[in-house]
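I open the notebook with the rings, then turn to strands, cores and totals. The entries follow the order in which I looked things up.

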Amino acid sequence: MVKRMMIIISIVALMIAGCSEKADESGNQSENDHANDVEAEREVEVIKILKADSANFHFIVDWLTDTKIAFVEKDTNKYLLKTFDIKTGEIDTLFEETMIIVDVLIHPMKNTYLLHTTDNPTSAKIKIISLEGEVLDEVSIASSELAIEWNDMDPTLLLLTAFQKDWTFDVFLYNGEEEGLNVI
């Protein structure tokens, strides 16, 4: 009886071991086949590198799309707002400015840029431009420092905080549709 029990246990153990090996082998084969299929379907993506001259490069603005970044370069007498596509390596100049570009904001809807420019330390000029580089709106404001908040839903609305040298400040609401700068 003990002998019989041992034989049954041995046979069951062999069957379990044999089944698990087959499952592993077939599982590995299907996983390998699946991995090979996925790898064959996957496109090899090469990311292009922006080679910028440190003497001319000013700053990176932000991502414009999944593959394009906006950046600013300075040239002899002008500042250039450009885009760089990481897939194609294409560089396009969107806008040229004679004044210093202090900051550039891309509206959350990705349909306009805001350029904060200056040519002296006590004033600023805000330019809203289209993605094609056309100036849509422009406003000048006296300030030593400027904080800008752009309305997420309406690109014609700006909240501007203009700081003076003595750190006093005024808060303005700019409505591009009415072309008015109102003190809040």
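Which residues do ring pairs link into a cluster? I looked and found F163, W167 and F169 linked in this way. I note at the outset that the model is predicted.

**Rings**

I counted three aromatic pairs. For F163 and F169 I read ring centres 5.6 Å apart and planes at 45°, so I entered this pair as tilted. I then looked up where W167 sits, and found W167 in the loop between β10 and β11. W167 is exposed, at 57% relative accessibility. I also noted its phi, which is positive at about 65° although W167 is not a glycine. For background, most residues other than glycine have a negative phi.

**The β10, β11 and β12 stretch**

I followed the strands on either side of that loop. β10 covers residues 157-163, and β11 covers 169-175. The two are antiparallel and share seven bridges. They form a hairpin with five residues between the strands, and W167 belongs to its turn. As one register mark I wrote down L157, which stands opposite N175 in β11.

I continued to β12, residues 180-183, which pairs with β11 over four bridges, again in the antiparallel sense. Here F172 faces V183 of β12 as its opposite residue. The hairpin of β11 and β12 has four residues between its strands, and E179 has a positive phi near 50° there.

Is T161 buried or exposed? I found 16% relative accessibility for T161; the cut-off for buried is under 20%, so T161 counts as buried. T161 lies in β10. Beyond its neighbours within four places in sequence, T161 contacts E145, L146, A147, F169, D170 and V171. F169 in that list is also a member of the ring cluster.

**The open sheet**

I next traced an open sheet of four strands, ordered β5-β6-β7-β8 with antiparallel pairing. Why is one side of β5 and of β8 left without a neighbour in the sheet? Both stand at the edges and have a single partner strand each, so nothing in the sheet flanks the other side. I read an average turn of 20° between neighbouring strands, direction ignored.

I took the β7 and β8 pair in detail. β7 spans residues 123-130 and runs antiparallel to β8, with seven bridges joining them. K125 has S140 of β8 as its bridge partner, and I126 stands opposite V139 in β8. Four residues separate the strands of this hairpin, and G133 takes a positive phi near 95° in it.

I then checked the loop between β5 and β6, where K110 lies. K110 is not a glycine, yet its phi is positive, near 60°. At 35% relative accessibility, K110 is partly exposed.

**Cores**

Which residues touch the most other members of the largest nonpolar core? Of its 15 residues, I listed V61, V72, L81, I101, V104, Y113 and L115. Six strands each give this core at least two residues: β1 (57-63), β2 (68-74), β3 (79-85), β4 (91-97), β5 (100-106) and β6 (112-118). β5 contributes the largest share, three residues.

I picked L81 for a closer look. Residues up to four places away in sequence aside, L81 touches V61, A70, F71, V72, D92, T93, L94, F95, V104, Y113, L115 and I129. Another core lies apart from this one and has 14 residues, including I141, L158, F172 and Y174. I had already met F172 as the residue opposite V183.

**Whole chain**

I closed with the overall figures. The protein has one helix and twelve strands, and the sequence order puts the helix ahead of the strands, as α-β-β-β-β-β-β-β-β-β-β-β-β. How many of the 184 residues count as buried? I found a share of 30%. Of the contacts between residues at least 6 apart in sequence, 26% join residues at least 24 apart. I entered an exposed area of about 12,500 Å², with 54% of it supplied by carbon and sulfur atoms.

Key. Residues numbered from 1 in each chain as written. Predicted model: local features only at pLDDT ≥ 70, side-chain atom pairs only at ≥ 80, totals over all residues. Heavy atoms only, no water. Core = buried A, V, L, I, M, F, W, Y, C linked by side-chain atoms within 4.5 Å. Buried < 20%, exposed > 50% of the residue type's maximum accessible area, 1.4 Å probe, protein only. Contact = heavy atoms within 4.5 Å. Pairing = 2+ DSSP bridges. Axes fitted to C-alpha atoms, helices over the stretch in contact; angles between N-to-C directions. Phe/Tyr/Trp six-rings, centres within 6.5 Å; stacked < 30°, edge-to-face > 60°. Areas by Shrake-Rupley, 256 points an atom, 1.4 Å probe, with all protein chains shown as cover.
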